[in-house]
Structures are given as C-alpha cells and as structure tokens.
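Welcome! Please take a moment to look over the sequence and the 3D view, and then read on for a short guided tour.

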Amino acid sequence: MRTIGFMQAMNEALQEEMRRDPSVYVLGLGVHYSGTHPSVTAGLIDEFGAARVRSTPVSEAAVAGSCVGAALAGMRPVAQFSLADFVFCALDEILCKAGKWRYTHGAEGGMSLPIVFLETIGGYVSAASEHSQSPLALYAHAPGLKIAVPTTPYNAKGLLKTAIRDNNPVVFFPHKRLMGAQGPVPEEDYTVPFGQAEVRREGRDVTVVATSYMVTLALEAASKLEEQGVDTEVIDPLTLEPLDTERIVESVRKTGRRVVVDEDTERCGVGAEIGMQVVERAFDALKAPIQRVSNPNLPVPYSRPLEQAVLPSREKIEKAIQQTLAA
Amino acid sequence: MEPASEQLLEIYTNMVRSRAFEELVISIMPKGKIPAGWMSGVGQEGIVGALSGLREDDYVTYTHRGAYYFLCRGSDPGRILAELYGKRTGYCGGKGGRHLADTKHRLFGKSGTIGGHAPIAVGLATAVQIRGEDSVVMSFFGDGTSNRGTTHESMNLTSVWKLPLIWVCENNGWAGLTPSSMSTAYTDVADLAEAYSIPGRIVDGNDVLEVHEATREAVARARAGAGPSLIELKTYRIREFAEGGWFPTGYRDPEEVEAWKKRDPIERFRAVLLSRGVLTAGQVEEIQQKAVEEMQVAQKFADESEFPPVEDAFTDLYA
C-alpha cells in the first residue's frame, strides 16, 4: 500500500467527495490558494472553481452560520477553520444552530444539517494559550453534534468521508502534531465508520483510552513499559459522539485497570465522561481507581518547559499506568 | 410600477390577518395557555409590503417579532398557535414554541439569539448561488440586531460574494428597554450600506406601498445576480417588548407611542385603498370578519390539539 501524509489524506477525501456529490463545497480562510506547502485544500480550486472553493473573510461566526443556512437549503458545506481556538467566536452558530435546529424546528419536513467543521487542535508547538487548545469536551457536552478525532492518515481520510456523507453536523478535529504524519492509505474508495473504537495495541494488564495525539504518546508509553513486563492495551475511540462505550467497557472487563489520556483541561473533560461511563457499567471489574492524564485546568503556556509541565507526556502516562498497577 | 388591484387587496388582507393574529394572542395571554412570552408585531405590519414581492421558492429569515412572515408565506395560523401552546400539531411538534419554523414554506426557524439569522441568510444565498438558481433570500432584522457582529460579518460577506440577498431592517427605535440613542452610533441603519458597498435605502416602514416598491426593486436586482441591498424601514413597535406580563414597562414616553399609533400602517393603507376605490367599505368589513373567523378556527384547532407524548422529547436529535 502507498504511504501518504495526513493532510494529503484529508485533501483526497475532500476531492473525492466533491467529485461524488456536487452539493459538497469548502470554505475558509485562504482556501483559494494552493500554496507552496502541503494543505488540506490544495488544488481543489483548480478542479472545482471558486463557486465551490470559497475563500472567506476573518468572520468565523458568519462562516459557521452560513454553513447552517447552506445545509438548510440542501448543500453539504465543509468549513476549514484552521485552529479550534478561533471557533469560539462561532459557538452560537455551531452549538445552538447546527446542533439544535433539527430537533427544535425540524420535526416535520426532515430537516437535516450535513456540515463538517474542520478545527485543528492541540499544543506541543509553543503556540501559547489561545492557539493550543483542544476543546473536545465543550463540543461533546452539546447535543446534536457528532465528533470525529482522527489519529492516522488512514482514519483521517476514512472518517472525513464518513463525516461529509453524514446527514448531521460533524466537528472534525485534526491535531497539529499529527498533520505531518505519514501512513499507509489505500487508493480505492473506503470509509471509516463512526462509533467504532480502534484497538491500537492489545494488552492484558491495563487499558489506556487516549484521544488524538495522545494515542501516539500512549503507544510510546506502552512500548516503554513493555520493557518492564507491563502489557498495555491502547484504545482510540476515533469518535466521541457516537462513543464506542461497549468496546471500552469490554477492555476494562479484561484488564480491570483504566487510564484516560486527553489533552483538554481535565475538569468535566472527556476523561471524566469516559471514566464515569466505566464506573456506571463496569465498577465491579475495576481493580484500581481510574487515572486521568490531562491538562490540570491551566491555560497552555508558551515556554517549552512550562508547556511540557502542563500537557500530558509519555512520562506522565507511564506514571499513571504504574500507579494504577500498584493500587 | 403600482401593483395590480388584486395584489393590493392581498397585501391589505395579509396586514389585517397579521393584526388579527396578534389580537388573538394578546387575548389568550392572560389565560395562561401560552406558557411563555410572545413578541407582538402590532404596528409593524408594513413589512407585509416586503414579503408580498417574494416567490414560493425564495427564502426568508425573520426576527423574533410578529407572525406576518408566516401568514404571508402561507402558514396555517392554527398550527402557529398550536406551537405556541406547545401542542403536537404545532409546526415544530411543540419543541420550538415561539422560535417558530415552517420548513415547507422555507421558514427554517427563529434564532434564539438576536443576530443569529444573518449568517444563516448568507448560507441560504450561497446555496442559491452555487446551484445557479434565481431564488433570493430576504433577511429581516431589527435596529438592535444591527449592533451584533454577526450582522456586520454577514453584510460584508454578502457584498464580497455578491449574493442574492435583501437585508430588510425593521428599525423600531428600541432594542428591548434601550433606545437607539443609547446603543447605536448611526442614526440610519441604511448608512451601513455605504460601508459594505451595497445600495441602501430608507423608507417609511408604515407606508406599505413604499415598502413594497423599494423591496421589489431590491428583489429584482438580487434575482438578476447584481447582488445584495439594504432597505431600512422606519417603523415602531406599539406593544411592549413581549406579551405575557414579565417584561418591564414604563420606559417609553407615552406620547411617543400615541404619536406612532396615529401612523398605523393598516389604517393608512385602508384610507388609500378606499380613496382610490380599490376597496369598498363593505369589503373592509368582510376582510376584517374573515380574518377574525380564521383566527377563531385557529384557536379552536390549538385548543383541541393534544400535547405531544413524552417520548417525543427523545426523538429527532439526529437525522
């Protein structure tokens, strides 16, 4: 199988879906320019023209809300927002309109809102507090949205195609540190389904559930601990709504120990939710308290050593695994 | 060009129906059947002149005030009222209430946030443009909403993309309890048009014919692909911000309200039609009577409708 980059994988998903369905279009800052660096939207304008590849002003609310309007009129917009941090300016449009209008207004007439919001998340690039956030829990907290968190070029392409074909609003979160990743991606058409977690590494001693770039760190920690004879299972949920709780609970029933790694601030975060789901469904299987590795509710600082102190790391994950094993 | 007599009568009839609906809601409010507030459009029926220039395949986004948008587009007042009651037969199955929608008539929902409609209107017009259709979008907003960033972002974007959209500002001078003088740097909302390089025009919002003529021109322009326009209707809300007794009163000068009552858009238009012989005194009576009867039927329908079963609370989140 050929090897391609994460951004090329997303780019191919957009290109193939735009060919497949004329109602798909993309919009965002600078999407008209293919540029000299790899990008998710490179080359689309040459094939699809300016009507379906629309560069926008710095107007996040208008862009996100326009996706809602276009979707109401039968289109399938894909909004490229670059950083998730910027999208806080458009949360009324995404949380209250995209997420709630079908339920509130669409009881008849089959209202659907097929929209993809692309929001790049994550720290580890010295970008400071307003360019480093991973606000997964914020979206997971709101009704009506689906949430995809790709981790490899393969699942990035497959999940993005699923997102574009879905009749609901999907928030799609690539991670800055994964955008340069390379990996095997087939040439033929395929999709990756929502709601099916991927077991990235099988193990018997402890289950680590990790999201986004945290999967990479968790796999590194698992390799390191293998030298000490610890057999770690790493689960990548891929989507947080729908969430494959069954697969997570099944793993905990096998290992009896759980660590959740999530880059977002810890309080009321994805780790809290996944932890509670396990407590509600498999409390009897737990041999030790669940451990969380997350940002301890701090803004992400700029300086390298400070940033590392705040965000999860391979070492912190190793420590959490050892703690749950020692308990 | 003056509309034909038939269209003049239709405009008048829809103004009377809109007022009759408002009066019905006002009469029902003290009975507690509507569990929340309603923002009355009494005095702003000149808007009917803008709506009457649209085709069925056009789109409308609308403010939180008034039922004219719905009644002009062909919605059933019984189903509107049923929605306000929270009944299953309402347009949103009781889930939207006053945040009304009627998807069949391309009325997709009242935004719970002031200014939430503007970006949605942009998207509706974008869809039309991408598909190469000749529908237009008419997006209503208030002077208060002109203070929202979404309004400015959206006006800019419609101009940059030359979208088929008509911005119609219903300037009633008040944003809740706050007069424009305390909130708005510009006297005329239409002045924004210059900043966004689109045509702007001010009209007497209580002169329904002037409203009709101005918006018809803007609609024709949008339909021809020449881009958006902004029309400001100077009008006034006669009632308080909301019906239902929970909103403060006494913040306006009663003389101001009385002065505007004398400029009632329906009375003014009736006088014009009578003087021109388009309308007879008999017809005035007949149109009024029919509107009242229509609202009685609506009330009966809403009263007799069932509340939704509780299971409905758990459906329709995802498509």
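## A buried aspartate in chain A

Setting aside residues up to four places away in sequence, D236(A) touches V149(A), T151(A), N155(A), A197(A), E198(A), R200(A), A210(A) and V215(A). Please keep in mind that this is a predicted model. D236(A) belongs to strand β11 of chain A, which covers residues 232–236. With a relative accessibility of 1%, D236(A) counts as buried. One of its neighbours, T151(A), is also a polar partner: the side chains of D236(A) and T151(A) are joined by a polar contact of 2.5 Å.

## A buried arginine in chain B

Let us turn to the other chain. R237(B) sits in the loop that runs between β7 (229–234) and α10 (254–261) of chain B. R237(B) is buried but has no salt bridge. The nearest side chain of opposite charge belongs to E240(B), 4.4 Å away, and a salt bridge would need a nitrogen and a carboxyl oxygen within 4 Å. What the side chain of R237(B) does reach is the backbone oxygen of G176(B), at 2.9 Å. The backbone oxygen of R239(B) also lies 3.2 Å from a polar atom of that side chain. Beyond four places in sequence, the residues that R237(B) touches include V42(B), Q44(B), W174(B) and Y251(B).

## Cysteines without partners

How many disulfides does the structure hold over all chains? The count is zero. The table takes two cysteines as examples; in both rows the sulfurs are too far apart for a bond.

| Cysteine | Closest cysteine sulfur | Distance | Relative accessibility |
|---|---|---|---|
| C96(A) | C89(A) | 15 Å | 34%, partly exposed |
| C169(B) | C72(B) | 18 Å | 0%, buried |

## Where the chains meet

Finally, here is the interface. In chain A, 42 residues are in contact with 42 residues of chain B. Together the two chains bury about 3300 Å², with 61% of it on carbon and sulfur atoms. R54(A), Y103(A) and H105(A) supply 20% of the area that chain A buries against chain B, more than any other three residues.

Between chain A and chain B there are two salt bridges. In one of them, the side chains of R102(A) and D316(B) meet at 3.2 Å, N to O. The count of residue pairs in polar contact between these chains is 18. Among the elements giving two or more residues to the side of chain A that touches chain B are β2 (24–28), α2 (44–52) and α3 (60–72) of chain A. The largest share of that side comes from α3(A), with nine residues.

Terms used. Residues numbered from 1 in each chain as written. Chains lettered and ligands numbered in written order. Predicted model: local features only at pLDDT ≥ 70, side-chain atom pairs only at ≥ 80, totals over all residues. Heavy atoms only, no water. Helix = DSSP H or I, 4+ residues; strand = E, 2+ residues; numbered from the N terminus. Buried < 20%, exposed > 50% of the residue type's maximum accessible area, 1.4 Å probe, protein only. Lys, Arg positive; Asp, Glu negative; His and termini not counted. Polar contact = N/O pair within 3.5 Å; in protein donor to acceptor, adjacent residues only side chain to side chain. Contact = heavy atoms within 4.5 Å. Disulfide = S-S within 2.5 Å. Buried area = accessible area lost by both parts, 1.4 Å probe.
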